[in-house]
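Please walk me through this structure, from single residues up to the way the chains are put together.

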Protein chains: 2
Amino acid sequence: MIQITTQTIQIVAILISLLSLGVAAWLYSWVKSQPSSNARIAEIGGYIRQGANTFLRREYLILARFTAIAAVLILIFLPHPIWSGNITQNIWMAVSYIFGTVLSALAGKIGIQIATIANIKSAEAAQKGVKPAFMTGFRGGAVMGMAVVGTSLLGVTLVLLIVGDASAVLGFSFGASSLALFAKAGGGIFTKTADISADLVGKVELGLEEDDPRNPAVIADNVGDNVGDVAGMGADLFDSNVASMAAALVMATALGGPDSKNVAMVFAYAAIGLLSSVIGVATARIGKNGDPGKALNSSTYVTTAIFAVLTALSTYIFNFEWRIWGATAIGLIVGTIIGLTSDYFTNDAKPPVRAVANASKSGPAFTILSGFSYGLLSALPSLIGIAVTALISYYICEPLGSGYGMFGISMSALGMLSIVGMIISNDAYGPIVDNARGLAEMGGFGEKVIAIADELDSAGNTVKAVTKGFSISAAGLTVISLLGAFMSEVNTAASELGVQGIANFDIMNPTVFFGLIVGVAIPAVFSAMLMLGVDKNAQRMVAEIHRQWDTIPGLKEGKENAKPDYDKCIDIATTGSLKELIPAGLVAIFSTILVGFIGGASAIGGFLTGNITSGLLLALLMSNAGGLWDNSKKYVEAGNCGGKGSTAHKAAVVGDTVGDPFKDTAGPSINTQITVVSLVSSLLASLFLMYSIF
Amino acid sequence: MIQITTQTIQIVAILISLLSLGVAAWLYSWVKSQPSSNARIAEIGGYIRQGANTFLRREYLILARFTAIAAVLILIFLPHPIWSGNITQNIWMAVSYIFGTVLSALAGKIGIQIATIANIKSAEAAQKGVKPAFMTGFRGGAVMGMAVVGTSLLGVTLVLLIVGDASAVLGFSFGASSLALFAKAGGGIFTKTADISADLVGKVELGLEEDDPRNPAVIADNVGDNVGDVAGMGADLFDSNVASMAAALVMATALGGPDSKNVAMVFAYAAIGLLSSVIGVATARIGKNGDPGKALNSSTYVTTAIFAVLTALSTYIFNFEWRIWGATAIGLIVGTIIGLTSDYFTNDAKPPVRAVANASKSGPAFTILSGFSYGLLSALPSLIGIAVTALISYYICEPLGSGYGMFGISMSALGMLSIVGMIISNDAYGPIVDNARGLAEMGGFGEKVIAIADELDSAGNTVKAVTKGFSISAAGLTVISLLGAFMSEVNTAASELGVQGIANFDIMNPTVFFGLIVGVAIPAVFSAMLMLGVDKNAQRMVAEIHRQWDTIPGLKEGKENAKPDYDKCIDIATTGSLKELIPAGLVAIFSTILVGFIGGASAIGGFLTGNITSGLLLALLMSNAGGLWDNSKKYVEAGNCGGKGSTAHKAAVVGDTVGDPFKDTAGPSINTQITVVSLVSSLLASLFLMYSIF
């Protein structure tokens, strides 16, 4: 048993963060040093990189304004109105908020940077075999993973060390979330706008092949994969990871102050999670003709095992509470199980995908009906998993004292997210090798190389299902612990204000119930607005494609010098996506504020619960149904149920098109929406206590 | 101010019930006495009647077995296990349960009986003009309305008068619900199985016209309209109406005993609601060439106004509480507003239907995406309406004393359902005139008559949207008050058992939270199972149609003596629908029991809340999206966006096919599922208190 101060552990956490950033830098230079020679690929890859940067620049420009306004509002109102509180607190809150947005933006930028290099390098490497191509793709993804988790742990630790107040971590987390809302939802609208428009005009109307360079939207489409799947996903998981630490820290601080053993545990476990991911990434290997899917999964399991062993060891050495370790372990185990069940619903070797492919033989209505039904069913195991994790981790930790039950839930969320570095690496691997496959085709690398690229791509899809289930569930547990953090904030504020706090969120209390029922509607409205946004934005882009096609001389004929204006399409997708996203984000934020000022803190308790319940249901439904339709289409295209060109194929394509915004725009953005709403609530807790109608 | 005993009011309620049954009988004989002469129509109408009766016979046979098993279980376990309680109570509970199933079955039977007569008579009457055809259709529907509400009020009053215990009313209500589960969900699977199979094989494969008598499924299709929309809807509203009274009575009794003024108010208001509907039905008129839609709506508004005035009068005369009257009035007003908002999302004169029709020009994926998005949006106003009603009616009644807030919510549900007699009349009018239109076409009555029938049919569709929004919201408020009734039952049981009761359902309590998250999944799983059931059952029926087409000599050629075996198709739809329904119903019931024995009464509080939140969201989404797709298709068929045969039309047909099981199978069955789950919970309250793991 070794006595160690919380500060020492925080310093170790900073060192491990720096280690992971160092590993990211090393992997970055490794990927960059891989050979590339093909000029055609370099040119197209250059367009993609340039387009992605155009999007990021525009996005960050709008975000900068949003951040500035929000920072001023925070300065005036949070955590207490400037006229009633301590101005230093408000300044730190605003600074932490800005710091959160900047670090998250930085992680996104790094991800885009490496993904648009690794795609080219991986395509080149595929000429030499599975092994080098896999390693390039995987290490490219790992740059993102290490950078995201390294910066998030670094940021949280610095904020707590410098400001010394867990509420400031909530401000940091809100910064990360508001960026994630732009990056994930905005990127989601961007990618699907480009994808749908390119297909609708290019393939259906003009009869062009996929990725025909004459199609003005073709680069926007490839850019979309990067801004949606790489930058968006990274910002989303940065956000979840920070939010789970913030929630745990708020409760740990409330339980025993900023220097307590609980706070030390949060940092110790988070640092060990990151260290395990570093080891998992560094040791990932594949045999010369090995199976890339197995390689990805085995490195995930290695990371999980290392995390479990190291946390147990640290618990023994530093005399932490074994019960809290138990809650963390439960989160990790259930996370893995949930990942496997989402695999069941989206894997083409399993009954649901095949049943939907089969139903497609009777036409698209049956593709939709059966896929939607399986999507609804798929929510059950994940919801049970989340419910059981919450129940068990609460009861394991409850004997430690009042408030420990809820802290246990937040530690189970931390456990589920402990291997997030590995998850991001695997997730970012997907779009990199997907892009590499496209580049290999455009570069004319031949059948054999494309077959290798295909194998890598398909491994990415399989792993994606598992990681997606993992991250939705972890986000679910995180928002549950944010509910606990909200109550803790309310009661801290109440004791500061000398007013009565809140003992519970009783469903039979009419303000709680009122908040609950209104809260149920918000994720539904938010996701509907995003999907309708994709629709509207695609119409604008289709018009632009028509304009270019009709007015640029020589474009139709494919003349050497007749280049379409790719940037214009990227600009439309960018501007439109941010334009469509802002109202949706504002609806979520203003409805929270409205409910809070009508029904007070207890209505917000209900409101958050309503958001969590309907948000989890819709996110699971949309992500899984979308994945299922995608794989059903691929299953039919592989020659089943009539194969390409059959009735079943046409129907499966409809399913896939419906599934695209489900799984890439609306579904994964709901997590972020709920997190934003939860953080806004916690930050405004004292205002809701002071001013409300009921 | 007149002093009156509760018993006197109950006797008046019985007299008004008998009056409404008398009016039903008079309307029945009036409709039956209308002329009919066309032999062709009589023949087809006879097939439909026979088929509907086949379904009912089969359904009631299966239900009888289910009822027998359930009655034995009730006798042994409810309200207390036979070894620990008073056997007389258990006997009364079982008898009340059986009584509930029998009365609900009777109302369904009456509805089918009149609907399959009124369709023929209305078709005949259309030859003479709008006025007689409207009156026949409307009065046919009114028979159902009067019979359902009359028997439900009669049943509840008799049970309370004879048994003297509000828990027995819960047993009666459970009887009504278990029948409604069969009638609504089973009827919903039946009608969509038949509809889809008849279209798939008949129209798409064999190129037959709609309603070609050579199609073996054609009668099953027409039968489906009656068993799904008439009998199913009737059982559903019988169930909601009884459940709302049961919830109000349980709380009223808990507040002041069975003879209190609160109990008197429940009966007074329910009786006045019925009386208002009788007056509304009896005075419904239409000018010679009047607008049938206006006639339906104006009789609804007349009923509403009469109810508001008479309840105010009774409150003044009998010195009831004005605050409770206020809660009832709020329910009535918000119900009307919600009805109008669902109209917005499904009316083809409003933007959403037109936007979806417009999106269909780009193909079926856009029909689905935009319709689904508007369906999600449509949940918002209804949810806000329910939330506001609950909040206001609680606060209006809270000053009356502890427990009155929740009682106020139950009275607002009663207010929303007060005009249910009128709603059922309008709802049953729809399928009658729909059938009449088909018969007019098959009977060769000519363009002019069909135009009249079309006008009547379209009025039915418009009114349907309003009544559907009304009934989902009323069911929502009812299940909320059932949550109150559950808590009241738990505490009654706790004081009888001498154990600690439950003070609240705190979301931060882990068992409540556990129940909540699991509860969210149940309506999703239930509706998915029903939709997959339609899919499976349709496959069986398609096989049977093929068999008949290939083996019955002369059928293809349409020879005089070659009749398809209509009954065989009806039998398959019947057997299959009940077979697919039972697992779904059992999942709902057993998950309740499981959660209750794991987490106890507080987990059930969360479980019911989870069911209510996700159930309301899904029911509103599915019903409104389904109605929207239906009307978008009709809008395109009316010549817009390219008209019949265009790309938009094909896409709109896909939307309509997806929408069919959404709006006619899954969506409306969710209400019943939640009611069943709520009643099972209340009935098992004391068992959950005694035996649970956590």
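A residue is called buried when its relative accessible area is under 20%, exposed when that area is over 50%, and partly exposed in between. By that scale Val499(B), with a relative accessible area of 41%, is partly exposed. The structure is a predicted model, and the values that follow are computed from it.

Val499(B) lies in the loop between α14 (447-497) and α15 (510-551) of chain B. When residues up to four places away in sequence are not counted, Val499(B) touches Ala494(B) and Leu689(B). For a sense of distance within the chain, one may take Val499(B) together with Ala282(B), which stand 217 residues apart along the chain and whose C-alpha atoms are separated by 53 Å.

A contrasting setting is that of Thr574(B), which is found in helix α16 (residues 566-637) of chain B. Thr574(B) has a relative accessible area of 0%, and is therefore buried. Leaving aside neighbours within four places in sequence, the residues in contact with Thr574(B) are Phe55(B), Arg58(B) and Phe190(B).

Helix α4 of chain B, residues 130-163, allows a simple check of geometry. At 1.5 Å a residue its 34 residues should span 50 Å, and because the end C-alpha atoms are 49 Å apart, the expected and the modelled values agree. Of the 34 residues of α4(B), 28 are buried, so this helix is largely enclosed by the rest of the structure. Just after α4(B) comes Gly164(B), which takes a positive phi of about 75 degrees.

The charged side chains can be followed next. Over all chains the count comes to 31 salt bridges, and several in chain A show how such pairs are placed. The side chains of Glu43(A) and Arg40(A) meet in a salt bridge, with a distance of 3.7 Å from N to O. These two residues are three residues apart in helix α2 (residues 39-77) of chain A, and so they are separated by about one helical turn. Glu43(A) is partly exposed, with a relative accessible area of 34%, and Arg40(A), at 34% relative accessibility, also counts as partly exposed.

In helix α15 of chain A, Arg547(A) forms a salt bridge with Glu544(A), and the closest N and O atoms of this pair are 2.9 Å apart. Here too the partners are three residues apart in the helix, and are therefore separated by about one helical turn. Their surroundings can be read from the accessibility values: Arg547(A), at 42%, counts as partly exposed, whereas Glu544(A), at 7%, is buried.

A further salt bridge links Lys633(A) with Asp656(A), the closest N and O atoms being 3.0 Å apart. Because Lys633(A) lies in helix α16 of chain A and Asp656(A) in helix α17 of chain A, the pair ties together parts that are 23 residues apart in sequence. Lys633(A) counts as buried at 16% relative accessibility, and Asp656(A) is buried with a relative accessible area of 9%. There is also a network in chain A, in which salt bridges that share partners join Lys192(A), Asp195(A), Asp630(A), Lys634(A), Asp660(A), Lys663(A) and Asp664(A).

How are the two chains related to each other? Two copies of a chain are related by a rotation about an axis and a shift along it. In this model a rotation of 180 degrees, with 0.0 Å of shift along its axis, superposes chain A on chain B with an RMSD of 0.0 Å. That is the relation of a two-fold axis. The same surface serves both copies, in that 99% of the contact residues of chain A recur in chain B. Of the residues of chain A, Asp506(A) comes closest to the rotation axis, its C-alpha atom being at 2.1 Å.

The contact itself takes 67 residues from chain A and 67 residues from chain B. About 6100 Å² is buried between the two chains, and carbon and sulfur atoms give 88% of that area. Between chain A and chain B the count of salt bridges is zero, while four residue pairs are found in polar contact across the interface. On the side of chain A that touches chain B, at least two residues each are supplied by α5 (166-205), α11 (364-397), α14 (447-497), α15 (510-551), α16 (566-637) and α17 (647-683). The largest share of that side, 19 residues, comes from α11(A).

How values were computed. Residues numbered from 1 in each chain as written. Chains lettered and ligands numbered in written order. Predicted model: local features only at pLDDT ≥ 70, side-chain atom pairs only at ≥ 80, totals over all residues. Heavy atoms only, no water. Least-squares fit on C-alpha atoms with pLDDT ≥ 70 in both. Contact = heavy atoms within 4.5 Å. Helix = DSSP H or I, 4+ residues; strand = E, 2+ residues; numbered from the N terminus. Expected span 1.5 Å × (residues − 1). Buried < 20%, exposed > 50% of the residue type's maximum accessible area, 1.4 Å probe, protein only. Buried area = accessible area lost by both parts, 1.4 Å probe. Salt bridge = Lys/Arg side-chain N within 4 Å of Asp/Glu carboxyl O. Polar contact = N/O pair within 3.5 Å; in protein donor to acceptor, adjacent residues only side chain to side chain.
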